[in-house]
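Good morning, and thank you for joining this part of the meeting. I would like to take you through one structure, and I ask that you keep the sequence and the model in view as I speak.

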Amino acid sequence: MNDMAEETLMDAFCRFRHQFRLLFMVSVLSLLVLGAVLPAIERGTGTYVITIIQLVTFAVTGSFSFGMMVICSRRAD
């Protein structure tokens with residue numbers, strides 16, 4: 001019980017490091033697909049705005065998951 005109280009938030013996150021790898025791969029794939037179709041979407045439309053929002057969201061998610069992978073791999077060493 002005492003060990004659980006000493007676990008940090010980063011320790012809890014690092015238990016899911018394999019899921020962060022999957023999240024990173026999904027984010028990269030989504031960025032590639034959205035980036036490829038973006039030129040075909042007419043600027044100023046709702047679809048264009050949603051695509052830009054998705055690009056930003058996947059970029060942030062991918063950056064976070066990559067950062068967590070790096071931090072957790074350094075902590076494991």
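Let me begin with a definition: a residue is called exposed when its relative accessible area is over 50%, buried when that value is under 20%, and partly exposed in between. Ala 76 has a relative accessible area of 53%, and therefore counts as exposed. Please bear in mind throughout that this is a predicted model.

Ala 76 belongs to helix α4. Its C-alpha atom is separated by 8.9 Å from that of Cys 14, although the two residues are 62 residues apart along the chain.

That brings me to Cys 14 itself. To which residue does a disulfide join Cys 14? The partner is Cys 72, with a distance of 2.1 Å from S to S. Because the cut-off for a disulfide is 2.5 Å between the cysteine sulfur atoms, this pair qualifies. Cys 14 is part of helix α2, residues 9–14, while Cys 72 is part of helix α4, residues 46–76, so the bond ties together parts that lie 58 residues apart in sequence. The angle about the S-S bond is -90°, which makes the link left-handed. Both Cys 14 and Cys 72 are buried. The count for the structure comes to one disulfide.

A second link concerns charged side chains. As a general point, side chains of opposite charge can pair when their charged atoms come close. The structure holds one salt bridge. Arg 75 forms it with Asp 11, and the closest N and O atoms are 2.2 Å apart. Arg 75 sits in helix α4 and Asp 11 in helix α2, so this pair ties together parts that are 64 residues apart in sequence. Are these two residues buried, exposed or partly exposed? Arg 75 is partly exposed, at a relative accessible area of 43%, and Asp 11 is likewise partly exposed, at 28%.

Let us now consider helix α4 as a whole. This helix has 31 residues and reaches 44 Å from its first C-alpha to its last, close to the 45 Å expected at 1.5 Å a residue. Its buried residues are Tyr 48, Thr 51, Leu 55, Gly 62, Ser 65, Met 68, Met 69 and Cys 72. Against which helices do the buried residues of α4 pack? They pack against α2 and against α3, which covers residues 17–37.

Ser 65 offers a specific example from helix α4. Its relative accessible area is 0%, so Ser 65 is buried. Leaving aside residues up to four places away in sequence, Ser 65 touches Phe 20, Leu 23 and Phe 24.

Leu 55, another of the buried residues of α4, can be set beside Leu 32, which is found in helix α3. The C-alpha atoms of Leu 32 and Leu 55 are separated by 9.3 Å, with their positions 23 residues apart along the chain. Leu 32 counts as exposed, at 58% relative accessibility.

Finally, I turn to the surface. Which residues make a nonpolar surface patch of about 290 Å²? They are Leu 9, Phe 13 and Phe 64. Of these, Leu 9 is placed in helix α2, and with a relative accessible area of 60% it is exposed.

To close, I return to helices α2 and α4: they are joined by the disulfide of Cys 14 and Cys 72, and by the salt bridge of Arg 75 and Asp 11. Thank you for your attention.

Note on methods
Residues numbered from 1 in each chain as written. Predicted model: local features only at pLDDT ≥ 70, side-chain atom pairs only at ≥ 80, totals over all residues. Heavy atoms only, no water. Helix = DSSP H or I, 4+ residues; strand = E, 2+ residues; numbered from the N terminus. Buried < 20%, exposed > 50% of the residue type's maximum accessible area, 1.4 Å probe, protein only. Patch = residues over 30% accessible without salt bridge, like charges linked within 9 Å, V, L, I, M, F, W, Y side chains within 5 Å. Areas by Shrake-Rupley, 256 points an atom, 1.4 Å probe, with all protein chains shown as cover. Salt bridge = Lys/Arg side-chain N within 4 Å of Asp/Glu carboxyl O. Expected span 1.5 Å × (residues − 1). Contact = heavy atoms within 4.5 Å.
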